[in-house]
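Here is a friendly walk through a protein model with its ligands. Have a look at the structure below, and keep it open as you read.

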Amino acid sequence: PPFHRLLLTGAAGGLGKVLRERLQPLTEILRLSDIAEMAPAEGPHIEVQICDLADKQAVHQLVEGVDAILHFGGVSVERPFEEILGPNISGVFHIYEAARRHGVKRVIFASSNHVIGFHKQTDTIDANAPRRPDGYYGLSKSYGEDMASFYFDRYGIETVSIRIGSSFTEPLNRRMMSTWLSYDDLVQLIERGLTTPDVGHTVVYGASANKTVWWDNSKAAHLGFEPKDTSEVFRDKVEAQPPVPADDPNALYHGGAFTAAGPFGDD
Ligand code: NAI
Ligand code: 15L
């Protein structure tokens, strides 16, 4: 395998469970971490370490001895700012600072389409489009991308930030016909992100070869990402759902319903 030891954060999550299986061919040892319990290691090629990303010392221990980090841990939906702060904002700082201290040179950051969620679905954007975060969650991913950019410019630690669309077994609604990213295409993107030389800080949109996509990956052409799957095979099933009104956020914005979440109250 190309790597000796890879670290995956968020390993107990939806994508983490998929990646636990799918990353093994890339690495002799896969270190899995989450704040939540995970299945125990099934052999010496798996390491399981519980860690709260908000705990700096714990993250520093976690990162010791790894060749690259796949940072998928944190709050993955819109929540009050105070719930996002520790896992996502302090968490991403701890990951990069630990990478610097331990000489890790490559990070794959699970960013999100919610960094650009307030762009209109009538507009196609590339990686240089202004960010339009659609909530505290999207803001935390935008901050993570800035952290990646800073740690490259200052310390030469390279990152591929994947602005993941909707990565599930299949698209769950009409919006996801555009944003869906199959697990196979996600794995290809991670593999390209880990092995392409000289990525600096590259931002790439994570979507499959869907019929309608709002994202132009020409700025990440050096990754050679060629999605193989398409949401088209699920069209009949998705279109059996009731139609979405034209003024519904799910029909207006890249970020869909996330653009209409909150407010969360005044306390
Ligand atoms: P998920 O919510 O299923 O998994 C996230 C994991 O992070 C959970 O297992 C959770 O326990 C862990 N976590 C939360 N707070 C933590 C903390 N303080 N310390 C350590 N671990 C903590 O989300 P999913 O769908 O697996 O997504 C994985 C990553 O990809 C997330 O960063 C998410 O923001 C990102 N992403 C996922 C998309 C998708 O379509 N699945 C779309 C865009 C981004
Ligand atoms: C995300 O960032 C979330 O983590 C995921 O649960 C989905 O909601 C996805 O975006 C999406 O936009 O569909």
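What follows covers the two ligand sites and then a handful of residues elsewhere in the chain.

Please keep in mind that this is a predicted model. All the values below are computed from its atoms.

## Ligand 1

Let us begin with ligand 1, which sits in the largest pocket. The elements that give two or more residues to the shell around ligand 1 are helix α1 (14-22), strand β5 (106-112) and helix α4 (136-155). Of these, β5 supplies the largest share, with 3 residues.

How many residues surround ligand 1? There are 26 of them, and the closest are L15, D34, S76, Y137 and S167. By type, the shell around ligand 1 is made up of 12 nonpolar, 11 polar and 3 charged residues.

Several polar contacts can be picked out here. On the backbone side, an N or O atom of G13 lies 3.1 Å from an oxygen atom of ligand 1, and a backbone N or O atom of F72 lies 3.0 Å from an oxygen atom of the ligand. S76 takes part through its side chain, where an N or O atom is 2.7 Å from an oxygen atom of ligand 1. On its own, ligand 1 has 820 Å² of accessible area, and the protein covers 85% of it.

## Ligand 2

Where does ligand 2 sit? The space taken by ligand 2 is the largest pocket as well, the one already described for ligand 1. The residues surrounding ligand 2 are S76, S112, N113, H114, Y137, G165, S166, F168, R175, M176 and F258. They divide into 4 nonpolar, 6 polar and 1 charged. Two names may look familiar: S76 and Y137 belong to the shell of ligand 2, and they are also listed among the closest residues to ligand 1.

Three side chains place a polar atom close to an oxygen atom of ligand 2, and the table sets them out.

| Residue | Partner | Distance |
|---|---|---|
| N113, polar side-chain atom | oxygen atom of ligand 2 | 3.0 Å |
| Y137, side-chain N or O atom | oxygen atom of ligand 2 | 2.7 Å |
| S166, polar side-chain atom | oxygen atom of ligand 2 | 2.5 Å |

Taken alone, ligand 2 exposes 320 Å², and the protein buries 82% of that.

N113 deserves a second look. This residue is found in the loop between β5 and α4. Is N113 buried or exposed? N113 counts as buried because its relative accessible area is 0%, under the 20% limit for that class. Along the chain, N113 and Y136 are 23 residues apart, and their C-alpha atoms are separated by 13 Å.

## Backbone details

Now for two backbone features. As background, most residues other than glycine have a negative phi, and most peptide bonds are trans.

The peptide bond from G262 to P263 is cis, with omega near 0 degrees. P263 itself belongs to the segment after α8 (249-252).

D198 is not a glycine, yet it has a positive phi of about 55 degrees. You will find D198 in the loop between α6 (183-195) and β7 (201-206). With a relative accessibility of 68%, D198 is classed as exposed, since the cut-off for that class is over 50%.

## Loop residues

The loop between α6 and β7 also holds T196. At 5% relative accessibility, T196 counts as buried. What does the side chain of T196 reach? Its partner is the backbone oxygen of R192, at 2.6 Å.

L181 lies in the loop between α5 (176-179) and α6. Its relative accessibility is 0%, so L181 counts as buried. L181 and P171 are 10 residues apart in sequence, while their C-alpha atoms are 8.4 Å apart in space.

Finally, G224 is placed in the loop between β7 and α7 (235-239). G224 has a relative accessibility of 38% and therefore counts as partly exposed. The C-alpha atoms of G224 and L23 are separated by 19 Å, with their positions 201 residues apart along the chain.

How values were computed: Residues are numbered from 1 along each chain as its sequence is written. Chains are lettered from A and ligands numbered from 1 in the order in which they are written. This is a predicted model: local features need pLDDT of at least 70, side-chain atom pairs count only at pLDDT 80 or more; totals for chains, interfaces and linings use all residues. Side-chain values use heavy atoms; hydrogens and water are left out. A residue is near a molecule or strand if one of its heavy atoms lies within 4 Å of it. A polar contact is a pair of N or O atoms within 3.5 Å; within protein, one must be able to donate a hydrogen and the other to accept it, and residues adjacent in sequence count only if both atoms are side-chain atoms. Accessible areas come from the Shrake-Rupley method with a 1.4 Å probe; for residues, only the protein chains shown count as cover. On a 1 Å grid over the protein atoms alone, a cavity is a set of points where a 1.4 Å probe fits but cannot get out, and a pocket is an open set with protein on both sides within 12 Å along at least five of seven lines; lining residues have an atom within 4 Å of a point. A molecule sits in a cavity or pocket if more than half of its atoms lie within 2 Å of its grid points. Ala, Val, Leu, Ile, Met, Phe, Trp, Tyr, Cys and Pro count as nonpolar, Asp, Glu, Lys and Arg as charged, and the others, Gly among them, as polar. Helices (H or I, at least four residues) and strands (E, at least two) are DSSP runs, numbered from the N terminus. Buried means under 20% relative accessible area, exposed over 50%, partly exposed in between (1.4 Å probe, protein chains only).
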